[in-house]
Amino acid sequence: GREAAAPGRLARELLVAARAACVGPPGAEAAPRAVDVPLVGISWVCLPGAPPRAVGPAPIGGPRAALAAAAIDLSDDLRTLVADDLAIVIDPASSAEPPGGARVRVGHAVVRGLVPFGRASNLGAIARTALLGSTAAMVACVAAIVVLRARVARRALALLVGLSGAAGALLVFSSLERGPAPAVLYLVVPLAGVLAPIVAGLLAHRRTPG
């Protein structure tokens, strides 16, 4: 739940776990290793006698720019990157102006304004849990009442009524999560979850033999 509101926390945990896997357990035989970090697009590279280095595409410089760093940290919203002993290399072919290409190395860097590979939820963990939990309970009750009142006898139609509420609520919820939205708009989620089985029940009642 907390990672939805702050996806950078999960990214940091993945970075730490991947680095530990690259270094290996204490006393392990020194050997070249490379461990990819899921979702982040960065790999830890470990060579005998050298500290681990994070290697991957650079956040600046175009698609043919690469970075290497001794340490990398990401903000909770994934829009800020902090790196130690950072080196960025830009391929000359990716630069539109002569002489093209660049090589930059700094001891400590903070890069802000990044486009995140995911986005934080508009709701906190408690609010999101309460919303989805209450919506699920309401949808289940309404769907059951609709099936009984509409006398839906066919299993397929009853299943359609039951699933329509969850599908409608999740569709509205995911639409709201795609961009910034005030919390009050999330009241539409349970409303959509309740209306969907009612509409589906009316349609199923028409298709049910008298």
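D73 is partly exposed in this predicted model, with a relative accessible area of 36%. Its side chain meets that of R12 in a salt bridge, with 3.8 Å from N to O. R12 sits in helix 2 and D73 in strand 5 (residues 71-74), so this pair links distant parts of the chain, 61 residues apart. Like its partner, R12 is partly exposed; the relative accessible area of R12 is 24%.

## The salt bridges

How many salt bridges does the structure hold? There are three. We have already met R12 and D73, and the others bring in D85, which forms a salt bridge with R53 and also one with R105. Here they are side by side.

| Pair | Closest N to O distance | Elements |
|---|---|---|
| R12 and D73 | 3.8 Å | helix 2 and strand 5 |
| D85 and R53 | 2.8 Å | strand 6 and strand 3 |
| R105 and D85 | 3.1 Å | strand 7 and strand 6 |

Take a moment to find D85 in the structure. R53, D85 and R105 are linked in a network of salt bridges. D85 belongs to strand 6 (residues 80-90), while R53 belongs to strand 3 (residues 53-57), and the two are 32 residues apart. On the other side of the network, R105 lies in strand 7 (residues 102-112) and D85 in strand 6, so their salt bridge ties together parts that are 20 residues apart in sequence.

Are the members of this network buried or exposed? The answer varies from residue to residue. R53 counts as buried because its relative accessibility is 19%, and the limit for that label is under 20%. D85 is partly exposed, with a relative accessible area of 27%. R105 is exposed, at 59%.

## One disulfide

A search of the whole structure finds one disulfide. A disulfide is a covalent bond between the sulfur atoms of two cysteines. Which cysteines form the disulfide here? They are C22 and C46, with their sulfur atoms 2.0 Å apart. C22 lies in helix 2 (residues 7-23) and C46 in strand 2 (residues 42-46), so the pair ties together parts that are 24 residues apart in sequence. Both cysteines are buried: C22 has a relative accessible area of 0%, and C46 has a relative accessibility of 7%. Another cysteine to look at is C141, which is partly exposed, with a relative accessible area of 49%.

## The nonpolar cores

In soluble globular proteins, nonpolar side chains tend to be buried together. In this model, the largest nonpolar core has 24 residues. Those with the most contacts inside it are L15, V40, W44, I72, L74, L81 and L86. Which elements give two or more residues to this core? They are helix 2, strand 2, strand 4 (65-69), strand 5, strand 6 and strand 7.

L86 is a good residue to zoom in on. Leaving aside its neighbours within four places in sequence, L86 is in contact with L67, A68, A69, V104, R105, V106 and A109. You may recognise R105 in that list, as it also forms a salt bridge with D85.

Apart from the largest core lies another core, of ten residues. Its members include V146, V152, L157 and V194.

## A nonpolar patch on the surface

Nonpolar residues also appear on the surface. V184, L185, L187 and V188 form a nonpolar patch there, and together they have about 360 Å² of accessible area. Where does V184 lie? It is found in the loop between helix 4 (155-177) and helix 5 (188-207). With a relative accessibility of 56%, V184 counts as exposed.

## Stepping back to the whole chain

Now let us look at the full picture. The protein chain has five helices and seven strands. Along the sequence they follow the pattern α-α-β-β-β-β-β-β-β-α-α-α. Of the 210 residues, 35% count as buried.

What share of the contacts between residues at least 6 apart in sequence joins residues at least 24 apart? That share is 52%. The R12 and D73 salt bridge is an example of a link between distant parts of the chain. Finally, the accessible surface of the protein chain comes to about 12,500 Å², and carbon and sulfur atoms account for 66% of it.

Definitions and conventions. Residues numbered from 1 in each chain as written. Predicted model: local features only at pLDDT ≥ 70, side-chain atom pairs only at ≥ 80, totals over all residues. Heavy atoms only, no water. Helix = DSSP H or I, 4+ residues; strand = E, 2+ residues; numbered from the N terminus. Buried < 20%, exposed > 50% of the residue type's maximum accessible area, 1.4 Å probe, protein only. Contact = heavy atoms within 4.5 Å. Areas by Shrake-Rupley, 256 points an atom, 1.4 Å probe, with all protein chains shown as cover. Disulfide = S-S within 2.5 Å. Salt bridge = Lys/Arg side-chain N within 4 Å of Asp/Glu carboxyl O. Patch = residues over 30% accessible without salt bridge, like charges linked within 9 Å, V, L, I, M, F, W, Y side chains within 5 Å. Core = buried A, V, L, I, M, F, W, Y, C linked by side-chain atoms within 4.5 Å.
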